[in-house]
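Thanks for coming. I have one structure today, and I will take its pockets and then one of its strands.

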Amino acid sequence: MDHKTSGDWPLPSGVWHVDDDGAWSMQRSADGQNVTPLVSQADIGKLMLARRLPAAAAAPVRQFPPEFSFDPGSGTALQVPPDTSATPPWVPPYGAYPVSDVPPAGPAGLRQASVPLKLADQRAREEHAQADASLPMPPPGEYEFFSARFGTSAPALLALEPRKAVLHAWLPASKRWLALEPESDSLLAESELAHGAWRAELVPEFNSVLVLPTSHGLACIRPDVPSLTYVVEHVGGAPCVAAPVWFQNRLWAPLRDDDGRIRFVNLDAQQKPGSDVLLDGLFDLGAVSAPVAYNRMAVWPCANGQLRLQLQPDGNVAASFTPWPEGLVPHFEFGSPYVSRDGGLWQLCFERSRGTYVYVKLGAQSERADALAPRLCSGSFNYRFATKLKTAPWEEPEHGDDGGKNQAVMPLLESNAGNSVFGVKFATSAGLSSVLRSSERLAAQLVQDDELRENVFHTFAVSEPWRLRLFVHESTLWAYHPLLSRIDGWALQA
């Protein structure tokens, strides 16, 4: 076979076929799966960053594999897609760093995005203006969104419904969502974790791997968008009681065995299991929140105490469960724990005996600080009603009292670009705690609050607007809520 004129070409991006007329099409993905006819060649062109022959505007497009710089038949230089720069993956729910041997500079598990987030043309934004772009909603459910390479040269967008264990891919040319099917008989298991307790990890590769908590253990799922299939392996063989977190160069998640005991499974970056770590004793954890990890400690705050992993002086990791001090009740609905300047992580609690809110330092030592009122927190920043503060949430500002403004901001994401926070602003005339427990429909605003100003750039009305998920794909910030009719997006600064 003369590969210069016709036949199959095995390439890193997959197997491409050129016919006798010199037309190229992708036949098999890099993972060896047949490209489904449901994914059009126009979709393949966008997903694979296919090269093109220069042509007139109305002429049919001839595309080539992304590895090519010239047409093998004629030697003509090929056009490169306009945006082929590498973009970091988006890992839900808050844009965490993907798994890497280089540990992140700060804590893992807070509402802190790993990518810079700043709206383009911020000064021109108006609260009632149309969004820059929109996507149709995936099928009914409550989704989490991943943007990464999934057998694709460009980042692909995936929508995961954890509680239904369904995964959909966005086809950028066809402009529709299509479900991924299991490549074999192994199906992704459902997750029973609450919305606020769920998080995922991602191992970035050409075929990136999602690491998810499920009712059958820690799921390692490798989606393949060109074939609309996935491969999944469940590790642990027992339900995850909480979400995974990257800690000490391993992925950790707690499982509960049939005998009621807690067992921590762990994987390295290649998804190879290590030795399980057992928690001595039987414990009623109560509702479990999302984990946080920093330095030598990973903590899963629970209604009844702290489930913790601690790096020991001998290099081993030990598990423990520490009940909250008598009369303390944690409140997870106000956002993330607060990270202090010295790296301490502080959880908001309510002390029943004194009828006051307190912040309790996570870890072995039960330090606490009294607070006049609860703050809405994303990690480094907290909101006193609608005012963004960098000071500790138990410290009151010297001047001003915004308690009468009857508004609050729930911070959804922090970005280190200009000390920027994206959040949802809503009315609190009934009191903040009451509003957060309410299911009534509320008018809300999306705001970006940076070091210069607060900018309202979108308005909407739904019940529980703070359940909004923000995610980044194709240099655009997208806002998803299951009760909205579409997913709106706004261009980000390059």
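A word on terms before the pockets: a pocket here is an open set of grid points with protein on both sides within 12 Å along at least five of seven lines, and a residue belongs to its lining if it has an atom within 4 Å of a point. Keep in mind that the model is predicted.

I start with the second largest pocket, which has a volume of about 660 Å³. Which strand gives the most to its lining? That is β32, with three residues. β32 covers 407-415, and both β32 and β36 supply at least two lining residues. In total 32 residues line this pocket, and Arg111, Gly196, Ala197, Phe332 and Glu333 lie nearest its centre. By type, the lining divides into 20 nonpolar, six polar and six charged residues.

The largest pocket has a volume of about 1,400 Å³. Its lining has 49 residues, with Asp83, Ala154, Pro155, Glu474 and Ser475 closest to the centre. Here the largest share comes from β6, at four residues. Among the other elements that supply at least two are α1 (41-47) and β36 (469-473). The split is 28 nonpolar, 14 polar and seven charged.

Now the strand, β21, residues 297-302. All six of its residues are buried. On one side these are Met297, Val299 and Pro301, and on the other Ala298, Trp300 and Cys302. β21 pairs antiparallel with β20 over three bridges, and Val292 has Val299 as its bridge partner. In the hairpin between those two strands, Asn295 takes a positive phi near 55°. With β22, β21 shares six bridges, again antiparallel, and Cys302 stands opposite Gly305. A hairpin of two residues makes that connection.

Notes: Residues numbered from 1 in each chain as written. Predicted model: local features only at pLDDT ≥ 70, side-chain atom pairs only at ≥ 80, totals over all residues. Heavy atoms only, no water. Buried < 20%, exposed > 50% of the residue type's maximum accessible area, 1.4 Å probe, protein only. Pairing = 2+ DSSP bridges. 1 Å grid on protein atoms, 1.4 Å probe; cavity = no way out; pocket = protein on both sides within 12 Å on 5 of 7 lines; lining within 4 Å. Points joined across faces, edges and corners; volume = space filled by probe spheres on them. Nonpolar A, V, L, I, M, F, W, Y, C, P; charged D, E, K, R; others polar.
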